[in-house]
Amino acid sequence: MAKKFLTLNIGASAIALAEYETRGRGLALLKYGTAPLSMPLDAGNVDTILVPALMEIVREKGIKPGKVAVSLSGQMSFQRFAAIPMAGSDQAKFEQMVRYEVEQNIPFPIDEMVCDRQVLGDTENGDKAVLIVAAKTDQVESITSAVVSAGFTPEIVSVAPIALTNALRAVKGDEGCVVILDIGAKTTSLVIAEGEKLYNRSIPVAGNTITKEIAQALGCTIEEAEGIKRESAYVSLGGVTEDEDETLDRISKVCRTVMTRLNAEISRSINFYRSQQGGGAPVKLYLTGGTALLPQTAEFFADSLGIEVEFFNPFESMAVAPSVDQEALGLDGAVLSATAGLAFQFAGAAQVAINLLPPSLVDARAEVKRIPFVAAGALALVAASVCVLLAVNHSTSVVETTTSAIEGTHSTLRVFEDRIKKAQEAAAAEQAECDELRGLLMRRGRVVNKMQLVRMALKDDLWIESWEGDRITIRGWKDRVADYVRKAKSSGMKETTASEIVCARLAEKDLFVESAKTEAISRFGKEDCIEQFVVELKFK
């Protein structure tokens, strides 16, 4: 019978939720959805940022909440490879040595961490090569708590680099020494996989680095630089001048400078891996992640590293449901690769099965599993008593005793029935409270997102004077309004007035805003230094 798996990858700037199904020995992608995060996640905003984004995917894609495997970004975890001697069959001694490695190499008290480890194989010296992964308990708790409040039940908590490794091995097999480069928004995750050897590292050079460098080079805002990067940036392949457009040529060289820094870190990581783990030279580089989609990125790394470079898309050899948009999947494959690795782990077909499920959820799952065993034990005890009585008495008393035993069993079952009903009533009451809280969180999240969208459109040159229903009165100093219009035109916008520019920028945010138009324009006299206009918004 086919089984279905839900997987959720939480990145620095977006999330991806996917539903898979087993088909024979492989998996099939049934549904998926992605959603941007309005701001980076931290301990104080996980509920208000993650829950609305997750519920938006559920509502739009029709994915029913259930058990889910979650992957966190590599920067949230600490990963350590250790060679540990195995003293015969003394497992307790081995676990003590693993704990010692954790305490020595992770910069937080072990009591504040959730840890897991996996033996990858034997080293050349006969020691055990062990992968140790840890994350701060409070961070994992905040993420899983938000996932639970959205109606899901986390079963696995892994990290994106390991999920990518599992996806690559399941789809491509063992190709020798290969490098996986996941270029995200805040960090780049590098994984080197070779047979039983595994090495990964988080590099703080990624998409946001390019955005900041573009903003500095062009003298524009971060938001404008991000838009320019998405629309027209590419990686220069060298040479004095590559593009007739002076601005585009400058941007391409900025991208090349950042990629050159990243290339230096990749080379340093490869050298460290080869010296510390005795690994071979990489024969292929797989690219994934949103920033890897910048034009000419693959050509740049192929030239600088001197190896074959290929974009990793697990769905090229995986079954896909007819309802999935193939064209959209080709673009989204870069952010869905980790969800495929999670699905393989959920299905029990992963090379590395790390699970950082926090203690609170582990205890809750153990309690749920213990209930049927208690009931079965009680019934088994009653059945054993009945068998003893049947063996001793072969007369009429046997019938009476049997009847008494049955009545006792019935009474026992009634007790369990009452307990189950009370538990169901308590669960229903808690579910109602959770639904009410979830509604409050989503409404609060919508208000925050609306305010965030309007503030991003106004930049630092304009401000909100009043907000009544759908009507927002906006003001700005006349000289700052002129600067606002000038900056917008320099970034390629065709609108000529501040109100038109604000409306155009809000209309681009179709995830939240259905329409945005100027209702009226007024000024405080011809010579006044303040300009004012009114915008009417219709949010979805």
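The following questions and answers concern a predicted model of one protein chain.

Q: What makes up the secondary structure of the protein chain, and how many of its residues are buried, as a percentage?
A: The chain comes to 13 helices and 18 strands. Of its 540 residues, 43% are buried. Among contacts with a separation of 6 or more, 62% are between residues 24 or more positions apart.

Q: Why is helix 1 called oblique to helix 3?
A: The axes of helix 1 (residues 46-61) and helix 3 (residues 137-149) cross at roughly 45 degrees and come within 9 Å. Angles under 35 degrees count as roughly parallel, and those from 65 to 115 as roughly perpendicular. The crossing angle of roughly 45 degrees belongs to neither class, and helix 1 is therefore oblique to helix 3. The crossing itself is right-handed.

Q: Which residues make the contact of helix 1 with helix 3, and what is their class?
A: Helix 1 contributes V46, D47, L50, V51 and L54, while helix 3 contributes S142, I143, A146, V147 and S149. By class, the contact has seven nonpolar, two polar and one charged residues. D47 is one of the residues of this contact, and Asp counts as charged.

Q: What makes helix 12 and helix 13 oblique to each other?
A: The axes of helix 12 (residues 478-490) and helix 13 (residues 498-508) come within 9 Å and cross at roughly 50 degrees. Since the roughly parallel class ends at 35 degrees and the roughly perpendicular class begins at 65, the pair is therefore oblique. This crossing is left-handed.

Q: Which residues of helix 12 and helix 13 meet, and how do they divide by class?
A: V481, Y484, V485 and A488 of helix 12 meet A498, I501, V502 and R505 of helix 13. These residues divide into seven nonpolar, no polar and one charged. Arg counts as charged, and R505 is among the residues that meet.

Q: What makes strand 11 and strand 13 the edge strands of their sheet?
A: The sheet is open, with five strands in the order 11-10-9-12-13 and mixed pairing. Strand 11 (197-203) and strand 13 (308-311) each pair on one side only. From one strand to the next, the twist averages 20 degrees.

Q: How do you know that the pairing in this sheet is mixed?
A: Strand 12 (residues 284-288) and strand 13 run parallel and are joined by four bridges; K284 has E308 as its bridge partner in strand 13. Strand 9 and strand 10, in contrast, pair in the antiparallel sense over six bridges, and V179 has I192 as its partner in strand 10. Strand 10 and strand 11 also run antiparallel, with seven bridges, and S189 is partnered by S202 in strand 11. Both senses are present, and the pairing is mixed.

Q: What joins strand 10 to the strands on either side of it?
A: A hairpin of four residues joins strand 9 to strand 10. Strand 10 and strand 11 form a hairpin with two residues between them, and G195 in that turn has a positive phi of about 60 degrees.

Q: Why is strand 10 described as largely enclosed by the rest of the structure?
A: Buried means under 20% relative accessible area. Six of the seven residues of strand 10 are buried, so the strand is largely enclosed.

Q: Which strands of the six-stranded sheet are its edge strands, and which does helix 3 lie across?
A: This open sheet has the order 8-4-1-2-3-14, with mixed pairing. Its edge strands are strand 8 (153-159) and strand 14 (319-320). Strand 1 (residues 4-10) and strand 4 (residues 67-72) pair in the parallel sense over four bridges, and L8 stands opposite V70 in strand 4. Helix 3 lies across strand 1, strand 4 and strand 8, running at about 140 degrees to strand 8.

Q: Why is I472 called buried?
A: I472 has a relative accessible area of 1%, and the limit for buried is under 20%; I472 is therefore buried. I472 is placed in strand 16 (residues 471-477). Beyond neighbours within four places in sequence, I472 is in contact with V454, I464, S466, W467, F533, V534, V535 and L537. The C-alpha atoms of I472 and F533 are separated by 8.5 Å, although these residues are 61 residues apart along the chain.

Terms used. Residues numbered from 1 in each chain as written. Predicted model: local features only at pLDDT ≥ 70, side-chain atom pairs only at ≥ 80, totals over all residues. Heavy atoms only, no water. Axes fitted to C-alpha atoms, helices over the stretch in contact; angles between N-to-C directions. Parallel < 35°, antiparallel > 145°, perpendicular 65-115°, else oblique. Left-handed = near helix turned anticlockwise from the far one by under 90°. Contact = heavy atoms within 4.5 Å. Pairing = 2+ DSSP bridges. Buried < 20%, exposed > 50% of the residue type's maximum accessible area, 1.4 Å probe, protein only.
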